[in-house]
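Trainee: I'd like to practise backing up structural descriptions with numbers. Could we go through one together?
Mentor: Happy to. Here it is.

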Amino acid sequence: MNGARVVTRIPPSPTGRLHIGTARTALFNYLFARHHGGRIVFRSEDTDRTRSTPEFEQEIVNGLRWLGLSWDSFSRQSENSARYTALLAQLVEEGKAYVSREPAKDDPMREVEVVRLKNAGRSIMFRDEIRGDITFDTTELGDFVIARSRTDAVYHFAVVVDDLDSGVTHVIRGEDHISNTPRQILIQEALGAPRPIYAHLPLILDERRAKMSKRSGYAVAIMDYRDEGFLPEGLVNYLVLLGWSPGGEREDFSLEELIKVFSIEGVQKSAAIWNREKLLSVNQRWMRKLSDKDFLQQLEPPRFKASWPSRQLELAVPLLKERARTFTEAKELLEGELRCVAVAPELKTATLTAKEPSDRLGITAEMLRAVEAALAGLTENASPDEVKALIMPLADAQEAKSKGSRGAMLWPLRYALSGQERSPDPFTLISILGTQESVRRIQTALDCFKS
RNA sequence: GGCCCUAUCGUCUAAUGGUUAGGACAGCGCCCUCUCACGGCGUAAAUCGGGGUUCGACUCCCCGUAGGGUCACCA
């Protein structure tokens, strides 16, 4: 970048929760600056005193940090008003702006003093790094307001002053700011400030192609995704792919890797539509990269400790990695489909003999006894493969003998162990439950035939 | 409506004048298999329309059309 040091900014307004779009814009600013060894300034744009709150500011900071982002300086516009006031006065003195007495916008009976910038109405052209040259006719802007009073700067003015003071070189922001740019350039020129390089990011739309908002039906607050059990790595990875492409076919990137490969060249021009399914899929890939230990930690173990023997919870992790796309889904699995690992099931005889409805020749019980006998020779902590090596031959023998299928044996076995029509396979189940518990459950199933 | 931006499979995107237009998610089919899930293989699916420029357009230009953004003393 011409050898000059890059300075980008993350300027959220603390008037709401941390929005997906805000996070993505922050991410792009972060990646661009870090890629170029530059600085990032975080600026809380809290000039709207009535809507801004410390709580929102805190959530935004926490959320961005949770995603893994960082910055090199922090400031609040509310603490910089003396600077705006001074520059406002300077512009008025230089004749570039003037104080105007006029009826208040919200109450026409009251008269107020606002500061307006003198605007010659020239045509303004600026270069956008993503879209190329953009031209605006500024006459329709008129002498626009830059301060609500001599001391109360409006957003556009504060932004230009802060960008100037912190030496911002690159303004990377949402496409919705394109039309704000000419007015900010006009202020820059009045102030004699250098013009930063602009890059306007495409917007994120919902499936109705409208700007993402709460009414889109999707969560738009980053923290809601965290609470739902998404990984920051997954969110970052999905967010960066929405509107940016590395060029090749690789899709999974960590934050560190993104810093290396990120380039403004890869940023898309057109808006992207939010796709939760894809997010889920990307997130699952990151969940699978976790070690079993880390995975377990994300599950808030305290909640499961009581009903889940820790050994079995640990052994269930691979099953969770296979099925869950978020940690909320993982918990649902533990309470539903995988609950049988921790709690012995209640069995229905009809389901037990589902593959042999009339229990032809009374073989179901016979087969279960055969498995029970075989299990006696197995060590307590056998692996799924060992269990399979032991039992599969029995199932095959049964298949040949009764001209049924292996299911004739495997179905009742799996059901005896799980009590569910859908569950992990019986070998894995026996491996996790242990030989003793497995035998107990088989005996319980056998009892069904006594009555 | 004015102004501005945008336009490749349903979605995210690759291909920056020459490719059988590639990948991922979702879909569908097959395989694996007692079920579920995973996995493997395969399949369907796109260059918005019309004009140019060019030997040759997804790619460059113009016009339409469509979508989006923005028109505050909110940021």
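Trainee: At what angle do helix α1 and helix α7 pack, and how far apart are their axes?
Mentor: This is a predicted model, so every value is computed from it. In it, α1 (residues 20–35) and α7 (residues 232–241) pack at about 85°, and their axes lie 10 Å apart.

Trainee: Why are α1 and α7 called roughly perpendicular?
Mentor: Angles from 65 to 115 degrees count as roughly perpendicular. The angle here is about 85°, so α1 and α7 earn that description.

Trainee: Which residues of α1 and α7 meet?
Mentor: From α1 come I20, A23, R24, L27, F28 and L31, and from α7 come V236, L239 and V240. Sorted by character, the residues of this contact are eight nonpolar, no polar and one charged.
Mentor: A general point helps when reading such lists: an α-helix has 3.6 residues a turn, so residues three or four places apart point the same way.

Trainee: What makes α7 largely enclosed by the rest of the structure?
Mentor: A residue is buried when its relative accessible area is under 20%. Eight of the ten residues of α7 are buried, so the helix is largely enclosed. Those residues are P232, G234, L235, V236, N237, Y238, L239 and V240.

Trainee: What do the buried residues of α7 pack against?
Mentor: Their partners are α1, α2 (54–67), α6 (222–227), α8 (255–261), β13 (272–273) and α9 (276–289). After α7 comes G243, which has a positive phi near 105°.

Trainee: Back to α1, where N29 is found. Why does N29 count as buried?
Mentor: Set its value against the cut-off: N29 has 0% relative accessibility, and buried means under 20%, so N29 counts as buried. Leaving aside residues up to four places away in sequence, N29 touches T8, R9, I10, I40, H170 and I172.

Trainee: Now the whole chain. How do you know that chain A is more spread out than a compact globule?
Mentor: Chain A contains 19 helices and 13 strands. Its radius of gyration is 32 Å, whereas the globule rule gives 22 Å for 451 residues; the value is well over the rule, so chain A is more spread out than a compact globule. Along the principal axes, the C-alpha trace spans about 105 × 50 × 35 Å.

Trainee: And what share of the residues in chain A is buried?
Mentor: Buried residues make up 50% of the 451. As for the exposed surface, chain A shows about 21500 Å², with carbon and sulfur atoms supplying 49% of it.

Methods:
Residues numbered from 1 in each chain as written. Chains lettered and ligands numbered in written order. Predicted model: local features only at pLDDT ≥ 70, side-chain atom pairs only at ≥ 80, totals over all residues. Heavy atoms only, no water. Axes fitted to C-alpha atoms, helices over the stretch in contact; angles between N-to-C directions. Helix = DSSP H or I, 4+ residues; strand = E, 2+ residues; numbered from the N terminus. Parallel < 35°, antiparallel > 145°, perpendicular 65-115°, else oblique. Contact = heavy atoms within 4.5 Å. Nonpolar A, V, L, I, M, F, W, Y, C, P; charged D, E, K, R; others polar. Rg over C-alpha atoms; globule rule 2.2 N^0.38 Å. Buried < 20%, exposed > 50% of the residue type's maximum accessible area, 1.4 Å probe, protein only. Areas by Shrake-Rupley, 256 points an atom, 1.4 Å probe, with all protein chains shown as cover.
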